[in-house]
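Here is a quick walk through a protein model for someone who would rather be at the bench. Have the sequence and the 3D view open as you read.

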Amino acid sequence: MTIAAPAPQEASASFPGLDDPTIRICGQIVDVSAQSFKVAGLSPFVRLGDCVACEGPDGPELGEVVRVEESAATVKPFAVGFRSGVRTSVWRAGPITVAPATSWRGRAVDAFGRPCDGLGPIEQGPRAAVADRLPDAAMKRGRIRTPVKTGIKAIDIFTPLVKGQRMGIFAGSGVGKSTLMGMLARARGFDTVVVALVGERGREVREFLEETMKGELSRVVTVVATGDESPMMRRLAPKTAMSVAEHFRDLGEDVLLIVDSVTRLAHAARDVALAAGEPPVARGYPPSVFSELPRLLERAGPGAEGAGTITGLFAVLVDGDDHNEPIADAIRGTLDGHIVLDRAIAEEGRFPAIDVLKSISRLAELGWSGGERDLVSKLKAMIARFEDTRDLRLLGGYHRGADAGLDQAVDLVPHLYSAISQSPADTVPADAFEDLSRMLKAGMGVA
């Protein structure tokens, strides 16, 4: 360990929110691999999650301590293509913090909170918060009470949302998950929308900002970590987005937080944990992944009494359409409900491809009136009857008049499916139940 000269100001200027100490406690790189590097001399002075920096060819390069041993600390770099070599000096840079400001609305930032939209510098707020912090204590948080209309008929009718709820959207690839998330981002019941695009294709970022959110950007903050960025950046981006959402929540606002997708966060966390030497225990996922996910998800929800709320919508990309794979199973048990998108429904051309029988909102009772609850129960019973007898009807085993309940389902459910189908360009209904009633009457020829 050596004590070096005072750190120059530009050493951390590229990374807002990092400590800029007057002296450096330095170690040296002693080993470099494709996924991480080891630093000798810093083990007594760093803890898991601390950030360290070293001089690279183009300026400071940042990494996070993922393992501490007596002889060396293992560091996972944030940059792709780490280029510092053995004997390079490394110093502790402090935890990553984010200092959001109200002026961040309409801007896109990276996982460090640096602007990435080409619109110039971004203002730093007066109060910085650690990006990876613990959730608020349960007994200090307010209660969830206020329902919110999303404008998506299938959701407002069958799985209504409440401000402060955490809902998962479970889907395989190419089933319409991102389109549905974009429709939800346009919901009018929220003051600010924070979107984390984690592991997305690079082309989808501009499409989201310029097309999906056209006319709405003045209330949207976008945090971007595309699929070509390092696992460390993809792992950090949702935490940064959560910190931004907490900032606006603490101002008393109702915030909609959208993370697309949590699965890619889990993939990034898996890469980091494996680099730290953790053994895989469930389809290649180390144990720390299953403790890291709920720590992030629990940060959403209501704030303290008198503060605002964070309504969390978390996309879950189920591998191979297996809704019981480890990540989907773990997240489903943590959230307050789940919306399931079904590939068979999408292949029929019905969008959003929501399977209303497999989707559930654990706080639906707060969003329904007594009459609406009874109606939804009857509609679900008819849909279940219709779907259970689909093969029987295709084989010619159904005869009208033998079962009055089935006759009603056969007459009504196709019109119901048509009534709850919706595209992003459709007009948002003022009341989903009234719109459903009107469309069902028109479809069945009822005046």
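What follows goes from the overall build to a few strands, a buried methionine and some backbone oddities.

## The whole protein

First, keep in mind that this is a predicted model. The protein has 12 helices and 20 strands. Its radius of gyration is 25 Å, close to the 22 Å that the globule rule gives for 447 residues, so the protein is as compact as a globular protein of that length. If you lay the C-alpha trace along its principal axes, the spans come out at about 90 × 40 × 40 Å.

How much of the protein is buried? Buried residues account for 52% of the 447. On the outside, the protein exposes about 19600 Å², and 53% of that comes from carbon and sulfur atoms. As for contacts, take those with a separation of 6 or more: 70% of them are between residues 24 or more positions apart.

Charges are easy to sum up. There are 52 positive and 59 negative side chains, and the centres of the two sets sit 2 Å apart.

## Strand E5 and its two neighbours

Strand E5 covers residues 59–68, and eight of its 10 residues are buried, so the rest of the structure largely encloses it. It has a partner in strand E4 (residues 51–56), with six bridges in the antiparallel sense. The link from E4 to E5 is a hairpin of two residues. To find this pairing on screen, look for Glu55, which stands opposite Pro60 in E5.

E5 also pairs with strand E6 (residues 73–77), again antiparallel, through five bridges. Here the hairpin runs through four residues. Val65 facing Val75 in E6 is a handy landmark.

## Strand E13, fully buried

Is strand E13 enclosed or open? All six residues of E13 (residues 166–171) are buried, so the strand is largely enclosed by the rest of the structure. In a regular strand, side chains alternate between the two faces of the sheet. In E13, Arg166, Gly168 and Phe170 point one way, while Met167, Ile169 and Ala171 point the other way. Both sets are buried, and that includes the arginine.

E13 has parallel pairings too. Six bridges tie it to strand E18 (residues 309–317), where Gly312 is the bridge partner of Arg166. Three bridges tie E13 to strand E19 (residues 337–340), and in that pairing Gly168 stands opposite His338.

The strand pairings described so far are collected here.

| Pair | Sense | Bridges |
|---|---|---|
| E4 and E5 | antiparallel | six bridges |
| E5 and E6 | antiparallel | five bridges |
| E13 and E18 | parallel | six bridges |
| E13 and E19 | parallel | three bridges |

## A buried methionine

Met232 is part of helix H4 (residues 231–250). Its relative accessibility is 1%, which is under the 20% cut-off, so Met232 counts as buried.

What does Met232 touch, leaving aside residues up to four places away in sequence? Its contacts are Glu64, Lys76, Pro77, Phe78 and Val272. Phe78 is worth a closer look: Met232 and Phe78 are 154 residues apart in sequence, yet their C-alpha atoms are 5.2 Å apart in space.

## Backbone oddities

Two peptide bonds are cis. One joins Asp260 and Ser261, with omega at about 10 degrees. Ser261 is in the loop between strand E16 (254–260) and helix H5 (262–275). The other runs from Phe351 to Pro352, with omega near -5 degrees. Pro352 is in the loop between helix H8 (343–347) and strand E20 (360–361).

Then there are two arginines with positive phi. Arg87 has a phi of about 75 degrees, although it is not a glycine. Arg87 is found in the loop between E6 and strand E7 (89–92), and at 67% relative accessibility it counts as exposed. Arg283 has a phi near 50 degrees, which is also a positive value in a residue other than glycine. Arg283 lies in the loop between H5 and helix H6 (287–297), and with 57% relative accessibility it counts as exposed.

Terms used. Residues are numbered from 1 along each chain as its sequence is written. This is a predicted model: local features need pLDDT of at least 70, side-chain atom pairs count only at pLDDT 80 or more; totals for chains, interfaces and linings use all residues. Side-chain values use heavy atoms; hydrogens and water are left out. The radius of gyration is taken over C-alpha atoms; the globule rule is 2.2 Å times the number of residues to the power 0.38. Buried means under 20% relative accessible area, exposed over 50%, partly exposed in between (1.4 Å probe, protein chains only). Contact means heavy atoms within 4.5 Å. Accessible areas come from the Shrake-Rupley method with a 1.4 Å probe; for residues, only the protein chains shown count as cover. Lys and Arg count as positive and Asp and Glu as negative; His and the chain ends are not counted. The place of a charge is taken as NZ of Lys, CZ of Arg, CG of Asp or CD of Glu. Two strands pair if DSSP finds at least two bridges between them.
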